Amino acid sequence: MTADAARRTALAAQGFTDRRPSGEPTRRHLNRVLDRVRLLQLDSVNVAVRAHYMPVFSRLGPYSRDLLDEAAWSHRAARPRLLVEHWAHEASLLPPEDWPLLRWRMRRYAERYGAHHEAVESRSPGLTSEILAAVKELGPISAGELERAMGAVGPAAKGGWWNRSDTKHTCEHLFGIGELTTGTRRGFERRYDLPERVLPAAVLATPEPAPADATRELIIRSAEALGVATEPDLRDYYRLPPKASQQAVAEAVEAGALEEVSVRGWSKPAYRRPGARTPRAVEGSALLCPFDPLIWRRERAERLFGFHYRIEIYVPEPKRVFGYYVFPFLLDGRLVARVDLKADRQAGVLRVPGAFAEVGVPVPRVAAELATALHEMAEWLGLDGVRLGERGDLIAPLAPCL
């Protein structure tokens, strides 16, 4: 394959060649996106919009975020949820039917953090069983509410992730080993519930596959979502162990579930599903959040698009090159610009502190298309307009377009 063909194959697999809905996106359209990307990463950063909402917007355009909330956290029996939370590519939303494929990871979590959990239990005897009983009676419920309901068992939390109370630690341990899951969220606060009240009975009754079989299935899902990818790319999608991933890829190739391909300019072999689609062209535009599955593996983004991208949230401000929370801009299958974005909800505007064009792109067209995308995003977020800052070579061309 040429590198250009690999890029178009990847974009098609991620849903960027699917036609946007002509009207209000529905649950059916959301399902189509989920079939493409397989999972959505969760992240607490809310500078512009929560990370799990944005990939759907990038593929469907403006949609009601209630659609995704209901798919992930609704308790309405008539509308079974399309997503459940667990550790996949970091904290993620994924289809309930993938839950059995992650049971080996839940057991590994128990082994890895068992000693720490035992230390908590020795400090607060009976806490685990008390939490499970309270969640059964009161759930879905937050860790803070559990502490109050049980009389704040264990040392009180002091407000930080690394200073969590024994109750919070135990809730997260039970979440990691699959004995609790997220029933719903209030804001971004996780409210725990029992898996049997969240997951379909058929999923809970599914026998646990052997770890090697589960890993192979996850590799195949990765290949479907990525289009064409190296073994480390496939492994990264679900954060699989290297040795198990390498074995799974070899077995999938031998079984005909994957085929090996050579991509010009790539130093490692690549793999794709037989019949993976390679469109002749990719059209349209999209803003991509830093946690979009198309670009979350930065090495792959550089290989596909020649686009060196790093998130600069943790870089001291004087040392930032492009900004705090930068969105790459996709136009006709190329990453042509990057935009630092902040939703200023108090002022009611989408702020653009900086905007930067990639080398060699047609700046007037990029500016016009980016202006349209920014207006669309601002309206979707319920903001009244877009306000430009001063940093970057795209600010001046953007101004008249806005």
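## Helix H8 and its surroundings

A residue is called buried when its relative accessible area is under 20%. In this predicted model, that criterion is met within helix H8 by Asp166, Thr167, Thr170, Cys171, Glu172, His173, Leu174, Phe175 and Gly176. The helix spans residues 166-176 and is mostly covered, with nine of its eleven residues buried.

The cover over these buried residues comes from both helices and strands. The helical elements include H5 (103-123), H6 (127-138) and H7 (143-149). The strands include S2 (84-88), S4 (181-186) and S5 (189-193). After H8 comes Gly178, which has a positive phi, near 85°.

## Packing of H5 against H8

Two packed helices are described by the angle between their axes and the distance between the axes. For H5 and H8, the angle is about 160° and the axes lie 9 Å apart. Angles over 145 degrees count as roughly antiparallel, and H5 and H8 are therefore roughly antiparallel to each other. Their crossing is left-handed.

On the H5 side, the residues that meet H8 are Met106, Tyr109, Ala110, Tyr113, His116, His117, Val120 and Arg123. Their counterparts in H8 are Asp166, His169, Thr170, Glu172, His173 and Gly176. Among these counterparts, Asp166, Thr170, Glu172, His173 and Gly176 also belong to the buried residues of H8.

## The S4-S5 hairpin

Strands S4 and S5, which both help to cover H8, pair with each other in the antiparallel sense over five bridges. Within this pairing, Thr182 is placed opposite Tyr192 of S5. The hairpin has two residues between its strands, and Gly187 adopts a positive phi near 65° there. S5 is largely enclosed by the rest of the structure, because four of its five residues are buried.

## The S1-S3-S2 sheet

Strands of a sheet pair through backbone hydrogen bonds, either parallel or antiparallel. Here, three strands in the order S1-S3-S2 form an open sheet with antiparallel pairing. S1 (40-41) and S2 occupy the edges and have a single partner strand each, so one side of each strand lacks a neighbour in the sheet. S2 is also one of the elements covering the buried residues of H8.

S1 is joined to S3 (residues 90-94) by two bridges, and these strands run antiparallel. Leu40 has Leu93 in S3 as its bridge partner.

## Arg59 in helix H3

Arg59 is part of helix H3, which covers residues 54-60. Its relative accessibility is 4%, so Arg59 counts as buried. The side chain of Arg59 makes a polar contact of 2.9 Å with that of Asp292.

Setting aside residues up to four places away in sequence, Arg59 touches Gln14, Gly15, Phe16, Arg20, Val33, Val37, Asp292, Pro293 and Leu294. Asp292 therefore appears both in this list and as the polar partner of Arg59.

## Ala223 in helix H10

Ala223 belongs to helix H10 (residues 211-226). With a relative accessible area of 3%, Ala223 is buried. When neighbours within four places in sequence are left aside, the contacts of Ala223 are Leu234, Leu258 and Arg273.

Ala223 and Glu121 are 102 residues apart along the chain, and 41 Å separates their C-alpha atoms.

How values were computed: Residues are numbered from 1 along each chain as its sequence is written. This is a predicted model: local features need pLDDT of at least 70, side-chain atom pairs count only at pLDDT 80 or more; totals for chains, interfaces and linings use all residues. Side-chain values use heavy atoms; hydrogens and water are left out. Buried means under 20% relative accessible area, exposed over 50%, partly exposed in between (1.4 Å probe, protein chains only). Contact means heavy atoms within 4.5 Å. A polar contact is a pair of N or O atoms within 3.5 Å; within protein, one must be able to donate a hydrogen and the other to accept it, and residues adjacent in sequence count only if both atoms are side-chain atoms. Two strands pair if DSSP finds at least two bridges between them. Axes are lines fitted to C-alpha atoms, for helices over the stretch in contact, and angles run from 0 to 180 degrees between N-to-C directions. Angles under 35 degrees count as roughly parallel, over 145 as roughly antiparallel, 65 to 115 as roughly perpendicular and the rest as oblique. A crossing is left-handed if the near helix is turned anticlockwise from the far one by less than a right angle, and right-handed if clockwise.
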